[in-house]
Amino acid sequence: MQNVLGYEKPSKLLKSFAIPSIISMLVSSLYNIVDQIFIGQGVGYLGNAATNVAYPLTTITLAISLLIGIGSASRYSLYLGAKEEQKARHVIGNGVVAMLISGFLYLVLVFLFLQPLMKAFGATEQILPYALEYTSITTLGAPFLIGTNVFSNMIRADGSPKYSMFCMVIGALINTVLDPAFIFVFDMGVAGAAWATVIGQVASFVMGAFYFKNFKQVHMHIKDFRFSFSQTLQTAAIGISACINQCSILLVQVILNNSLVYYGQFTEYGQEIPLAACGIVMKVNAILLAVIIGISQGTQPIVGFNYGAKQYGRVCQTLKLSLTCALSVSVIGWASFQLFTQPILSLFGTGEALYFEFAIRFMKTFLIMTCVIGIQIVSSGYFSAVGKPVKGMILSLTRQVIFFIPLVLILPHFLGLDGIMYSGPIADFVAFIVSTIFVVREWRHLNHLQKAENYE
């Protein structure tokens, strides 16, 4: 049977794959955003600051799940395109076992070093009790969160993007319903938000696990679920750019939190207000990033399959379409952040005048170049999907590590808190330039391959 990825219109394919992926990513982001909204309303901005301090742990789980999930899904699509079914089955089975092992190791290591991690992530004495209470519970759900994200990528690559979406949606719905009940009705505070999150993550994991009995493109056997170190290395090589992107985000979060605490103490805002405000701005921006990453993830099985099948014209069409969509979404997000700053921030609870003064200025300045971030994200995902992980990794590193971290370490020495705000847009713009150069060169290469294939 011919795979639909090889003949259906790229626009129709991108719509059918990207929309469920976008919803899945939005739902994943909503776990933390919903927690932050209800915590802000029920606990206050110190509770919000605590979730910001805890957020790097979520980033670590996403890094692990993308390393295995994107790597497995991309290799699976490439093998399907090359009609190598047995290798495709082995990739999926090994990915599941690797996911279980990594989830267990994560759980053990975080519990062993929880308090030092919270302090390293920027927790002050006022914030630490809230952060420890929240993370001691959410860590229990981390293996399930890793599993759900791995399953989601695999299921989408198998041609079931809607099922992948429902796996994420069911958990988010449970979390959204339980959050206000646990926080306001049972007066559980941040612990209530944490337990709501864990219960939702378990539900999503269970639904994802059920899919493995009914894979569409291959028939999975129990013998396929075995661990292979060499297979894992090959999978990691493909997924490394997405993983490094999350690791770089983690590094940015830690440096950003600590910089805000350090430079905030020399201003009228103090240590807690910049930390709480930054957390909300980053979560709001995560909504935009979720849409763009969803477009990127929806693109990957299409370009991966067609690249493996040597249908380079279809690869070009899909890449062009996904870049256009990502750029359009970026512009809409930028306009929303600049025009509706106060209403957006008000969703996350009330606070003193100084808090809103800083939060508004931080959002408007830090997110001023979000209009171009879609190019970098989609191009990085594209290179990973077609088996060029080094290029994907370089693009993943441009914005977060190569540009932003040096800027956020240097500029505040001269500009204080304002230096932290300006670091974001400068890094976004330079990363956009680098990504554009990479995409233009790849476009020329694809056209050359297409001409050579037509000639043969």
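What distance separates the centres of domain 1 and domain 2, taken over C-alpha atoms? In this predicted model, the answer is 21 Å. The two domains come from the domain assignment of the protein chain, which places domain 1 at residues 8–227 and domain 2 at residues 266–455. The domains also meet: 40 residues of domain 1 are in contact with 40 residues of domain 2.

A helpful place to look next is the set of internal cavities. The count comes to three cavities of 30 Å³ or more, and the second largest cavity has a volume of about 70 Å³. Which elements give two or more residues to the lining of this second largest cavity? They are α2 (45–81), α5 (128–157) and α9 (272–308). Helix α2 provides the largest share of that lining, with four residues. The lining of the second largest cavity consists of I70, A73, S74, S77, N153, R156, A157, Q297, Q300 and P301. By residue class, this lining divides into four nonpolar residues, five polar residues and one charged residue. Both domains take part in enclosing the second largest cavity, since its lining draws at least three residues from each of domain 1 (8–227) and domain 2 (266–455).

Two individual residues repay a closer look in the viewer. One of them, V281, is located in helix α9, an element that also gives two or more residues to the lining of the second largest cavity. Is V281 buried or exposed? Its relative accessible area is 0%, so V281 counts as buried. Setting aside neighbours within four places in sequence, the contacts of V281 are with A359, F362, M363 and L367. F337 offers a further reference point: this residue and V281 are 56 residues apart along the chain, while their C-alpha atoms are separated by 9.4 Å.

The other residue, S160, sits in the loop between α5 and α6 (161–185). With a relative accessibility of 11%, S160 falls under the 20% cut-off and therefore counts as buried. Which residues does S160 touch, not counting those up to four places away in sequence? They are I155, Y211 and K216. For Y211, there is also a polar contact, made between the side chain of S160 and the side chain of Y211 at 2.8 Å.

Key: Residues are numbered from 1 along each chain as its sequence is written. This is a predicted model: local features need pLDDT of at least 70, side-chain atom pairs count only at pLDDT 80 or more; totals for chains, interfaces and linings use all residues. Side-chain values use heavy atoms; hydrogens and water are left out. On a 1 Å grid over the protein atoms alone, a cavity is a set of points where a 1.4 Å probe fits but cannot get out, and a pocket is an open set with protein on both sides within 12 Å along at least five of seven lines; lining residues have an atom within 4 Å of a point. Grid points are joined across faces, edges and corners, and a volume is the space filled by probe spheres set on the points. Ala, Val, Leu, Ile, Met, Phe, Trp, Tyr, Cys and Pro count as nonpolar, Asp, Glu, Lys and Arg as charged, and the others, Gly among them, as polar. Domain bounds come from an automatic or database domain assignment. Buried means under 20% relative accessible area, exposed over 50%, partly exposed in between (1.4 Å probe, protein chains only). A polar contact is a pair of N or O atoms within 3.5 Å; within protein, one must be able to donate a hydrogen and the other to accept it, and residues adjacent in sequence count only if both atoms are side-chain atoms. Contact means heavy atoms within 4.5 Å.
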